[in-house]
Amino acid sequence: MKSILVDFEETSKQITIKKNAKEENWVLVCEKFNDDVSRICDVTDQKDYTGLFECLDDNNTRFFYLVKEDKKLYQMKHKYFFDNLGLK
């Protein structure tokens, strides 16, 4: 899955890709933020990207990423859900 760092204006819901931002592997982005990520909303007007996610670093600084979601994302969510229940 691909992702890209963006600026997100919460009041106007405006999304703009950060200058010099490059596509990153979403799994690696999640690992970088210790899986402290949450989905904000659907996205329909940004190329192939389908969702906007918020990531928090160790200082609770917010970063926003557009993500091109596919079935791998849902598999990852289920894996972590069952891991958290102790059902590996």
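**Exercise 1. The surroundings of Trp26**

Determine whether Trp26 and Phe53 are buried or exposed, and describe the aromatic pairs that Trp26 forms with Tyr65 and with Phe53.

Solution.
- Step 1. In this predicted model, both Trp26 and Phe53 are buried.
- Step 2. Trp26 also forms a tilted aromatic pair with Tyr65, with 6.0 Å from centre to centre and 55° between the planes. This pair links distant parts of the chain, as Trp26 belongs to helix H1 and Tyr65 to strand E6 (residues 62-67), 39 residues apart. Tyr65 is buried, as is Trp26.
- Step 3. Across the whole structure, a search finds five aromatic pairs. Trp26 and Phe53 make up a tilted pair, at 5.0 Å centre to centre and with 50° between the planes. Trp26 lies in helix H1 (residues 26-32) and Phe53 in strand E5 (residues 51-56), so this pair ties together parts that are 27 residues apart in sequence.
- Step 4. One aromatic cluster is formed by Trp26, Phe33, Phe53, Phe63 and Tyr65.

**Exercise 2. The overall plan of the chain**

State how many helices and strands the chain has, and in which pattern they follow one another along the sequence.

Solution.
- Step 1. There are two helices and six strands in the chain.
- Step 2. Reading along the sequence gives the pattern β-β-β-α-β-β-β-α.
- Step 3. The chain has 88 residues, and 30% of them are buried. Its accessible surface comes to about 6300 Å², and carbon and sulfur atoms account for 49% of that area.
- Step 4. Among contacts with a separation of 6 or more, 40% join residues 24 or more positions apart.

**Exercise 3. The partners of strand E6**

Identify how strand E6 is joined to E1 and to E5, and which residues stand opposite Val67.

Solution.
- Step 1. Strand E1 (residues 2-9) runs antiparallel to E6, and four bridges join the two. Here Ser3 stands opposite Val67 of E6.
- Step 2. E5 and E6 are likewise antiparallel, with six bridges between them. On this side, Gly51 stands opposite Val67.
- Step 3. The hairpin of E5 and E6 has five residues between the strands, and Asn60 there takes a positive phi near 60°.

**Exercise 4. The nonpolar cores**

Find which residues make up the largest nonpolar core and which element supplies the largest share of it.

Solution.
- Step 1. The largest nonpolar core has 10 residues in all: Met1, Leu5, Trp26, Val29, Cys30, Phe33, Phe53, Cys55, Tyr65 and Val67.
- Step 2. At least two residues of this core come from each of H1, E5 and E6. H1 gives the largest share, with three residues.
- Step 3. Phe33 is in contact with Cys55, Leu56, Asp57, Phe63 and Tyr65, leaving aside its neighbours within four places in sequence.
- Step 4. A second, separate core contains nine residues, including Ile4, Val6, Ile15 and Leu52.
- Step 5. As a general tendency, nonpolar side chains of soluble globular proteins are buried together.

**Exercise 5. The cysteines**

Explain why the sulfur of Cys30 makes no bond with the closest cysteine sulfur.

Solution.
- Step 1. The cut-off for a disulfide is a pair of cysteine sulfur atoms within 2.5 Å.
- Step 2. The cysteine sulfur closest to that of Cys30 belongs to Cys55 and is 6.3 Å away, which is too far for a bond.
- Step 3. By this rule, the count is zero disulfides.
- Step 4. Cys30 has 3% relative accessibility and therefore counts as buried. Cys41, at 26% relative accessibility, counts as partly exposed.

**Exercise 6. Ser3 and Lys22**

Decide whether Ser3 and Lys22 count as buried or exposed, and list what Lys22 touches.

Solution.
- Step 1. Ser3 lies in strand E1. Its relative accessibility is 0%, so Ser3 counts as buried.
- Step 2. Lys22 is found in the loop between strand E2 (14-17) and strand E3 (24-25). At 66% relative accessibility, Lys22 counts as exposed.
- Step 3. Not counting residues up to four places away in sequence, Lys22 touches Ser3 and Ile4. With the same exclusion, Ser3 touches several residues, among them Lys22, Trp26, Tyr65 and Val67.
- Step 4. Lys22 and Lys2 are 20 residues apart along the chain, and their C-alpha atoms are separated by 9.9 Å.

Terms used
Residues numbered from 1 in each chain as written. Predicted model: local features only at pLDDT ≥ 70, side-chain atom pairs only at ≥ 80, totals over all residues. Heavy atoms only, no water. Phe/Tyr/Trp six-rings, centres within 6.5 Å; stacked < 30°, edge-to-face > 60°. Buried < 20%, exposed > 50% of the residue type's maximum accessible area, 1.4 Å probe, protein only. Pairing = 2+ DSSP bridges. Core = buried A, V, L, I, M, F, W, Y, C linked by side-chain atoms within 4.5 Å. Contact = heavy atoms within 4.5 Å. Areas by Shrake-Rupley, 256 points an atom, 1.4 Å probe, with all protein chains shown as cover.
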